[in-house]
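Trainee: I've got a model open on my screen and I'm not sure how to read it. Could you walk me through the pockets and the core?

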Amino acid sequence: MGKLFGRGGAPATPLDADARLGRVLDAVLDCCEYALFAGEGAAGMAERVARQRPDRECLACEPGSDSFYSATARTAKVKNLYLFNQRPREFLLGVRDGKPYLLERDTLVVLHVPGGGAERRVFDEVAFVAEFFAAPFLLVLGCRVPGEPGFLYDTHQGRECSPANLGPHLGGAGAGLLLPAYAPPGGRLRAKGWCLLPLGRNAHHLLPEETSHLLRKADPEPAAALP
């Protein structure tokens, strides 16, 4: 474990503020063939993962033209990383329509709540992953962690990102819910809250025992009528 420790030249990511999240992601990536990234800093986080895990194919979207061209120049030799100058919705639709085989594979999908432009709809992206991916591990960065107020979390379209607000967007997909079982680490960088949603075929997947002390199980909120 610990393959995601150390920046390796990539820009700062949430992993720099929370090394234990890196250990969780390593365990998830051991179960996955692909990793997708969308939202603020998606290109940087995908670069970080791709450099440290050359055995995994990583795809990310970066809607800002300057940031996109900077990232592509910086990662030209990272052969397992594919960047797209698209907004998150376009990116996910492109995966569905252009790479449909990914929908059936064990895939890590990382959605960082901020970023992606004013027209972005994060809760719709969660619903999209739940509907179209057969076996995803959905990591939502910027999620409120109940009982741990020290973690940073984000709001989107006036609603906080929380397990309670994510649950209704999972539709009929089988879902697990894993939250950090530790207090946010101290230090100069404050850690982002997160939740990990194993969905579909992976809803009851058990991650390796060596990560069990980092995770606590919770029950996803059932689907309900959306406002």
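Mentor: Sure. This is a predicted model. Let's start with the largest pocket: 20 residues line it, and those nearest its centre are Leu-178, His-205, Leu-206, Leu-207 and Lys-217.

Trainee: Which elements give two or more residues to that lining?

Mentor: Those are β8 (177-180) and β10 (215-218). The largest share, four residues, comes from β10.

Trainee: How does a program find empty space in the first place, and how much space lies in the largest pocket?

Mentor: The general idea is that a probe the size of a water molecule is rolled over the atoms, and this shows where empty space is left. In this model, the largest pocket holds about 320 Å³.

Trainee: What is the lining like by class?

Mentor: There are 11 nonpolar residues, five polar and four charged.

Trainee: What about the second largest pocket: what is its volume?

Mentor: About 240 Å³. It is lined by 16 residues, and Ala-12, Thr-13, Pro-14, His-112 and Lys-192 are the closest to its centre. At least two lining residues each come from α1 (14-17), β1 (34-39), α3 and β4. Sorted by class, this lining has 10 nonpolar, three polar and three charged residues.

Trainee: His-112 is one of those central residues. Which side chain reaches its backbone oxygen?

Mentor: That of Arg-120, at 2.7 Å. You'll find Arg-120 in the loop between β4 and α6.

Trainee: Is Arg-120 buried or exposed?

Mentor: The way to read this is by relative accessible area, where buried means under 20%. Arg-120 has 4% relative accessibility, so it counts as buried. Leaving aside neighbours within four places in sequence, its contacts include Ala-38, Gly-39, Pro-88, Glu-125, His-156 and Gln-157.

Trainee: Glu-125 turns up there. Which residues of helix α6 are buried?

Mentor: Within α6 (residues 122-132), they are Val-122, Phe-123, Glu-125, Val-126, Phe-128, Val-129 and Ala-130. Their cover includes the helices α5 (88-98) and α7 (163-166), along with β4 (106-112), β5 (135-141), β6 (155-156) and β7 (159-160).

Trainee: And why is helix α2 described as largely enclosed?

Mentor: Because eight of the 11 residues in α2 (residues 19-29) are buried. They are Leu-21, Gly-22, Val-24, Leu-25, Asp-26, Ala-27, Val-28 and Leu-29.

Trainee: Now the core. In the largest nonpolar core, which residues touch the most other members?

Mentor: This core has 38 residues, and the ones to click on are Leu-21, Val-28, Phe-37, Leu-108, Leu-139, Trp-194 and Leu-196. Helix α3 (residues 42-52) gives the largest share, six residues. There's also a second, separate core of 31 residues, with Ala-130, Leu-170, Leu-177 and Leu-197 among them.

Trainee: What is Val-28 in contact with, leaving aside neighbours within four places in sequence?

Mentor: Leu-108, Phe-137, Leu-196 and Leu-207. You've met Leu-207 already, as one of the residues nearest the centre of the largest pocket.

Trainee: One last stop: where does Glu-148 lie?

Mentor: In the loop between β5 and β6. With a relative accessible area of 23%, Glu-148 is partly exposed. Its contacts, again without neighbours within four places in sequence, are Tyr-182, Ala-183 and Pro-184.

Trainee: How far apart are Glu-148 and Ala-183 in sequence and in space?

Mentor: They are 35 residues apart in sequence, and 6.4 Å apart in space, C-alpha to C-alpha.

Notes: Residues are numbered from 1 along each chain as its sequence is written. This is a predicted model: local features need pLDDT of at least 70, side-chain atom pairs count only at pLDDT 80 or more; totals for chains, interfaces and linings use all residues. Side-chain values use heavy atoms; hydrogens and water are left out. Buried means under 20% relative accessible area, exposed over 50%, partly exposed in between (1.4 Å probe, protein chains only). Contact means heavy atoms within 4.5 Å. A nonpolar core is a set of buried Ala, Val, Leu, Ile, Met, Phe, Trp, Tyr and Cys residues joined through side-chain atoms within 4.5 Å. On a 1 Å grid over the protein atoms alone, a cavity is a set of points where a 1.4 Å probe fits but cannot get out, and a pocket is an open set with protein on both sides within 12 Å along at least five of seven lines; lining residues have an atom within 4 Å of a point. Grid points are joined across faces, edges and corners, and a volume is the space filled by probe spheres set on the points. Ala, Val, Leu, Ile, Met, Phe, Trp, Tyr, Cys and Pro count as nonpolar, Asp, Glu, Lys and Arg as charged, and the others, Gly among them, as polar. A polar contact is a pair of N or O atoms within 3.5 Å; within protein, one must be able to donate a hydrogen and the other to accept it, and residues adjacent in sequence count only if both atoms are side-chain atoms.
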